[in-house]
Amino acid sequence: MKPTKTFLCGILALCSLSSYAFDHKEVRKARQLQKDKRYEEAIAVYENLSNNTKDVLDDQRYMTLAIKIALYSLKDRGKAIKLAERVKNPERRAYVLMSLYKPETLIEKYKETNFTAWPEDIRVAACKNRGEAYFRMKKYQEALVDLEQALAQQGGSYRDRGEAAKIAGDIYLNNMKNEAKAEAMYRKALAATKGNYSWRNDALLRLSDILLRNKKNKDALAIYQNSKLEKITIPFWKITIARGYAKALAANGKNLEALKQLNLALQTETKPDRKKIIQKEIDKLSEDML
């Protein structure tokens, strides 16, 4: 598991619930230093803030911001790990380090860890992270134990809960060949948020395919109608979701609306070979309407 912006953004989102003691003035100073490419000085500000705070959650936030600079501005993973090791609270230190380890290392270090004993604000993410590591190592049964444990816990961000459900859905669909359980997990992923995140869009498409295969056409249409499709701006997802939505519309006899979605996909697509595929879908649906 390579360190990713998704992991660290998740940590930062989690930490946004920190106490009033968070020093916004010094953080603004550090961000200006970062903007000026004075990265080491920015990191020093966060280290000083960490040294002076007694709040363990604020400490986690400061060090996570410093880690982000080390990873993405300095491209220094070793420095990022050293910064993570400075997080004061042992559970929060371990949690931050999880985002920096490859799957094999993460499992080696945390295989026996009982995350349910960790602070409530990080236990869901910790279970999800270990479950994802098992998933990447193709240890699917172990992954499901952690992912389902993540969903059974109280708290956690919508992103962590949604991603846990989506990964579990993928395992049930692709590895366990259990469409019923996959459907249940994908529904949990969609219920976590209506935001247009990649993991949610992928869950939406996979759930739609399951429902259409099982002739649950109205249910397939409903999941698109209950999503905020008009807010999708990334071309890839705009095209892919439009094509999936068109299938659901056509399955429910709404061919004109389906054509509208396919035309949207065609207009958004820029690659000639892919435009040809979408045009064929339009031509076939048009023929079916005759």
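K138 counts as exposed, at 63% relative accessibility, and this residue of the predicted model lies in the loop between α8 and α9 (140-152). The protein that carries this loop has a secondary structure of 16 helices and zero strands, and 47% of its 290 residues count as buried.

**Loop residues with positive phi**

- K138 has a positive phi of about 65° although it is not a glycine, a point to set against the general pattern described next.
- Most residues other than glycine have a negative phi.
- K215 likewise is not a glycine and has a positive phi, of about 60°, and its place is in the loop between α12 (198-213) and α13 (217-225).
- K215 is exposed, with a relative accessible area of 68%; the cut-off for the exposed class is over 50%.

**Overall dimensions and contacts**

- The C-alpha trace of the protein spans about 75 × 45 × 35 Å along its principal axes.
- The accessible surface of the protein comes to about 15,000 Å², and 49% of that surface belongs to carbon and sulfur atoms.
- Among the contacts in the protein with a separation of 6 or more, 58% are accounted for by residues 24 or more positions apart.

**Packing of α14 and α15**

- Helix α14 (residues 235-251) packs with helix α15 (residues 255-268) at an angle of about 160°, and their axes are 8 Å apart.
- Because angles over 145 degrees count as roughly antiparallel, α14 and α15 are roughly antiparallel to each other, and their crossing is left-handed.
- On the α14 side the contact includes P235, K238, I239 and Y245, while the residues met in α15 include N255, E257, L262 and T268.
- The residues of this contact of α14 with α15 divide into 11 nonpolar, three polar and three charged.

**Packing of α6 and α8**

- Helix α6 (residues 90-98) and helix α8 (residues 120-136) cross at roughly 35°, with axes that come within 10 Å, and α6 passes α8 in a left-handed crossing.
- In this contact E91, R92, Y95 and M98 of α6 meet D121, I122, A125, A126, N129 and R130 of α8.
- By class, the contact of α6 with α8 has five nonpolar, one polar and four charged residues.

Note on methods:
Residues numbered from 1 in each chain as written. Predicted model: local features only at pLDDT ≥ 70, side-chain atom pairs only at ≥ 80, totals over all residues. Heavy atoms only, no water. Axes fitted to C-alpha atoms, helices over the stretch in contact; angles between N-to-C directions. Helix = DSSP H or I, 4+ residues; strand = E, 2+ residues; numbered from the N terminus. Parallel < 35°, antiparallel > 145°, perpendicular 65-115°, else oblique. Left-handed = near helix turned anticlockwise from the far one by under 90°. Contact = heavy atoms within 4.5 Å. Nonpolar A, V, L, I, M, F, W, Y, C, P; charged D, E, K, R; others polar. Buried < 20%, exposed > 50% of the residue type's maximum accessible area, 1.4 Å probe, protein only. Areas by Shrake-Rupley, 256 points an atom, 1.4 Å probe, with all protein chains shown as cover.
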